[in-house]
Amino acid sequence: MAVWGIGVAVYFVAITYRTSLGVAGLDAAERFHINASALSTFSILQLLVYAGMQIPVGLMVDRLGAKKVLTLGVVLYTLGQFGFALSASYPMALGSRALLGCGDAMTFISVLRLGARWFPSRRGPMIAQIAALVGMAGNLVSTLVLARFLHTFGWTPTFAASAAGGVLVLIVLLLFLKDHPEGFEPPPAPAEHTGAGFVRRQIADAWREPGTRLGMWVHFTTQFPAMVFLLLWGLPFLVEAQGLSRGTAGELLTLVVLSNMAVGLVYGQVIARHHAARMPLALGTVGATALMWAIVLSWPADHAPMWLLIALCAVLGACGPASMIGFDFARPANPPERQGTASGIVNMGGFTASMTTLLAVGVLLDATGDNYRIALASIFVLEAAGVCQILRLRGSAARRERERLVVSRVEAVHVPA
């Protein structure tokens, strides 16, 4: 728990940095004199780098181990956060967010690998949910602490001081983190496990598994509604479209995070005990999210009532835990030496959807004169596409998983003398 906790602390700081723009979006628009499309470019570029790095990071984790990858990640996202604090121009700020996204991309897959090395496989779903839960606590730091500091101390002192968290976890990481317990070293990689040919085979073999592709589409469909809300457009929507104060809007963003943490514990326990619950929980979360957004965006009055906004934020809190289910489809579909690569493919899903929606909302806001009803309706398009892919792949993924289970049981019983 102590060693794995260090990795989770690294992820916690990464989430704090990733979501810091969510409470500073209006300040960033004023500081850099930009419109909605340009503002969304911050998060789009950050997520574009993040998504593009997932497969390379997965290969790095499989090859180099979690500690080296986490170390590089901390250095990059700390430099990115500090650069963002000092940015006086829009291009410099964009470069800083790209650097931050690159470092952030190296954290979660490494934490998943640490969990696989330090805990038995049966605890995999619960360990992944707890890691995501602690990471979401980093979102609380953004919504509760950074928002207040930003209002009190201003842009540069707030973001520069937050960069100290990266320095602290880097020191602890270098001193105490280990890739695996003593006596449980993975076997050395064969000589042929190098070069571009091996990389292509590793990616192709992971992608060929229906469970990997199903996991990616589950992650794609479930994660992005809450990610878009927390990362950038939640605060402007609540303040500009719903007429709330910044303080009240910040409390609703906090509710999303608290709901995420509570639901994550429940989903982790349920999936660990009832593996068949993965698909109902994923599709149920997508359906509930779509329903709540449909009610809010079609509400006849100019402003939705507070009880409805509270219900929306509570349901959005289930998106993060539901996205973790994607890894539970990919994990049994791939051998240990391919887990990092498969996790990278899955993790691309939600961030690709988030990036697409962030761009669509920004463009539609500019095109419609800040009509949030039309802009946020783009959520339904991506949810529909994701559900179609999930329904298409779930049968073949289930059959393949049953075949693997039968083979593993036979091998466990018929051990050669």
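The second largest cavity in this predicted model holds about 40 Å³ of space. Its lining is G211, F329, P332, A333, A397, R400 and E401, and α18 provides the largest share of that lining, 3 residues. By type, the lining comes out as 4 nonpolar, 1 polar and 2 charged residues.

There are 2 cavities of 30 Å³ or more here. The largest cavity offers about 290 Å³. Around it sit 24 lining residues, with R18, M136, Q223, M227 and G320 nearest the centre. Who supplies the most lining for the largest cavity? That's α11, with 5 residues. Other helices that each chip in at least two are α1 (2-19), α7, α12, α15 and α16.

Then there's the open space: the largest pocket has a volume of about 1,000 Å³. Of its 37 lining residues, S121, R331, P332, N334 and Q339 are closest to the centre. Helices giving two or more residues to this pocket include α7 (124-153), α12 (246-273) and α16 (339-368), but α6 gives the most, with 7. P332 turns up here close to the pocket centre and also in the lining of the second largest cavity.

Here's how the linings split by residue type:

| Space | Nonpolar | Polar | Charged |
|---|---|---|---|
| Largest pocket | 17 residues | 10 residues | 10 residues |
| Largest cavity | 14 residues | 9 residues | 1 residue |
| Second largest cavity | 4 residues | 1 residue | 2 residues |

One last residue to look at is I295, in helix α13 (residues 278-297). I295 counts as partly exposed because its relative accessible area is 31%. Its C-alpha is 30 Å from that of Q269, a residue 26 positions away along the chain.

Notes. Residues numbered from 1 in each chain as written. Predicted model: local features only at pLDDT ≥ 70, side-chain atom pairs only at ≥ 80, totals over all residues. Heavy atoms only, no water. 1 Å grid on protein atoms, 1.4 Å probe; cavity = no way out; pocket = protein on both sides within 12 Å on 5 of 7 lines; lining within 4 Å. Points joined across faces, edges and corners; volume = space filled by probe spheres on them. Helix = DSSP H or I, 4+ residues; strand = E, 2+ residues; numbered from the N terminus. Nonpolar A, V, L, I, M, F, W, Y, C, P; charged D, E, K, R; others polar. Buried < 20%, exposed > 50% of the residue type's maximum accessible area, 1.4 Å probe, protein only.
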